[in-house]
Amino acid sequence: MVDELAVLRDQIDAVDQELVALFARRLKLVAGVGEVKSRQGVPIYAPDREAAMLVKRRAEAVAQGVPPDLIEDVLRRFMRESYASEKDTGFKCINPQLGKVVVVGGAGQLGSLFAHLLTLSGYQVCILEKDDWADAPNIVAGAGLVVVAVPIDQTVAVIEQLPALPADCLLVDLTSIKAEPLAAMLKVHQGPVLGLHPMFGPDISSLAKQVIIYSEGRGAQQYEWLLAQMRIWGARLQAVNAEEHDQAMSLVQALRHFTSFAYGAHLCAEQADLSQLLRLSSPIYRLELAMVGRLFAQDPVLYADIILSSPRNLDMIRRYHSRFGELLTQLEQGKREAFVEQFSTVSEFFGDYADTFLKESRSLLAQANDSRHYADE
């Protein structure tokens, strides 16, 4: 039996080597695609092309007796790698007549990411940090775009201290709150103004499929070029009113970060054995624990600023705390039927999204389970 397995394993190894060679060939072709896209100004993310290609490959997989989900998983992972490599070839410059770009806080993580992307797009980028503030009037002179990328608690103050900008200069911020910074920019600058909120961290390999929220300020025609530039980077743009944005972020960011923080703090207070929890966990709990642990691998000041950025965030957390207490009281009183009734009510609220999230989570859980290597535990 050992000899028989050895023969089969050798054949599998040979096929795997062929796959590696095919992967290398595909990556070379992708590099060529990236160069063409760069010259022609084509966005690196083409959703229609991606969807059509996956439909064809899935059908071909079925015809050959291969699980279509397997092929889609492999191709999606490949496309993620492709998007990351395509950005290395640079991007077409949408507004070559712009003049220089000044990134205030460009030495920070998010500021440096945007400075890098703008440089790859052919713009002359200058960095303005706090030590350069005495020379700020000279640095912003002739600027066509000024991007404010400083910590949340400093954003409005920095905007208010900006020197006079050229009349046609586009003023932009990258803060995770929008109403106050947008109002401050509109007050200090009479030219075009745009609020941006990148919904990702600075460690991403590509902007493909990443969401950037924008809140309109002033001069839509004068900032359309920047929206087009970000689309070329692969970003998905979502237009949202500043007030609506801030209300949504109370749920999307502040409450989510706080609940992760609270759960992590509880595990710490209980002195939970994390290695044991991982050994005993289901894929879904491992994924949940990973999302909590991810929070504590990052800058605590950033998350404190996000949560404390608006009184509405604390109001939202307070309401959550109140509902948590109400539901706990039901359990303490043994009201099983009340729990089931509440569960059904929430299920109706989610509607079709519940089934959508169930399908999406299955894929994530499968990936989380695949990544486990029990020998390390």
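**Overall architecture, salt bridges and local packing of the predicted chain**

UniProt, in an unreviewed entry, lists residues 99-361 as "domain: Prephenate/arogenate dehydrogenase"; UniProt positions follow the numbering used here, feature names are shortened, and annotations may be inferred rather than shown by experiment. The structure is a predicted model, in which local features need pLDDT of at least 70 and side-chain atom pairs count only at pLDDT 80 or more, whereas totals for chains, interfaces and linings use all residues. Residues are numbered from 1 along each chain as its sequence is written, and side-chain values use heavy atoms, with hydrogens and water left out.

Between the end C-alpha atoms of residues 99-361 the distance is 46 Å, and this span is 58% helix and 14% strand. In the chain as a whole there are 15 helices and seven strands, assigned as DSSP runs numbered from the N terminus (helices, H or I, at least four residues; strands, E, at least two). Along the principal axes, the C-alpha atoms fill a box of roughly 80 × 65 × 35 Å. Of the 377 residues, 35% are buried, where buried means under 20% relative accessible area, exposed over 50%, and partly exposed in between (1.4 Å probe, protein chains only). The chain exposes about 22800 Å², of which carbon and sulfur atoms supply 57%; these areas come from the Shrake-Rupley method with a 1.4 Å probe, and for residues only the protein chains shown count as cover. Contacts (heavy atoms within 4.5 Å) often span the sequence: among those between residues at least 6 apart, 69% join residues at least 24 apart.

Turning to charge, the chain carries 36 positive and 48 negative side chains, and the centres of the two sets lie 4 Å apart. Lys and Arg count as positive and Asp and Glu as negative, while His and the chain ends are not counted; each charge is placed at NZ of Lys, CZ of Arg, CG of Asp or CD of Glu. A search of the whole structure finds 12 salt bridges, a salt bridge being a side-chain nitrogen of Lys or Arg within 4 Å of a carboxyl oxygen of Asp or Glu.

One of these pairs is Glu50 and Lys209, whose closest N and O atoms are 2.9 Å apart. The pair links distant parts of the chain, 159 residues apart: Glu50 sits in helix H2 (residues 47-63), and Lys209 in the loop between strand E5 (193-198) and strand E6 (211-218). Glu50 is buried at 6% relative accessible area, while Lys209 is partly exposed at 32%. Helix H2 also provides Arg58, which forms a salt bridge with Glu72 at a closest N to O distance of 2.7 Å. Here the partners are 14 residues apart, with Glu72 in helix H3 (residues 68-86) and Arg58 in H2. Glu72 counts as buried, at 17% relative accessibility, and Arg58 as partly exposed, at 25%. Both pairs belong to a network of salt bridges that links Glu50, Arg58, Asp69, Glu72, Arg76 and Lys209.

A salt bridge within H3 joins Glu81 and Arg77 (3.4 Å, N to O). These two residues are four apart in the helix, so about one helical turn separates them. An α-helix has 3.6 residues a turn, so residues three or four places apart point the same way. Both side chains belong to partly exposed residues, Glu81 at 38% relative accessible area and Arg77 at 40%.

Asp305, in helix H12 (residues 300-307), offers a contrasting case. Asp305 is buried yet has no salt bridge, and Lys130, the nearest side chain of opposite charge, is 13 Å away. Beyond residues up to four places away in sequence, Asp305 touches Pro151, Ile152 and Asp153. Ser309, in the loop between H12 and helix H13 (311-332), is buried at 16% relative accessible area. With the same exclusion of sequence neighbours, Ser309 touches Ile152, Ile177 and Glu180.

Helix H7 (residues 179-188) has as its buried residues Ala179, Pro181, Leu182, Ala184 and Met185. These pack against helix H6 (152-160), strand E4 (170-173), E5, E6 and helix H9 (242-269). In strand E6 lies Gly217, partly exposed at 31% relative accessible area. Leaving aside neighbours within four places in sequence, Gly217 is in contact with Leu182, Leu186, Val193 and Tyr223. Gly217 and Val172 are 45 residues apart in sequence, with 9.3 Å between their C-alpha atoms.
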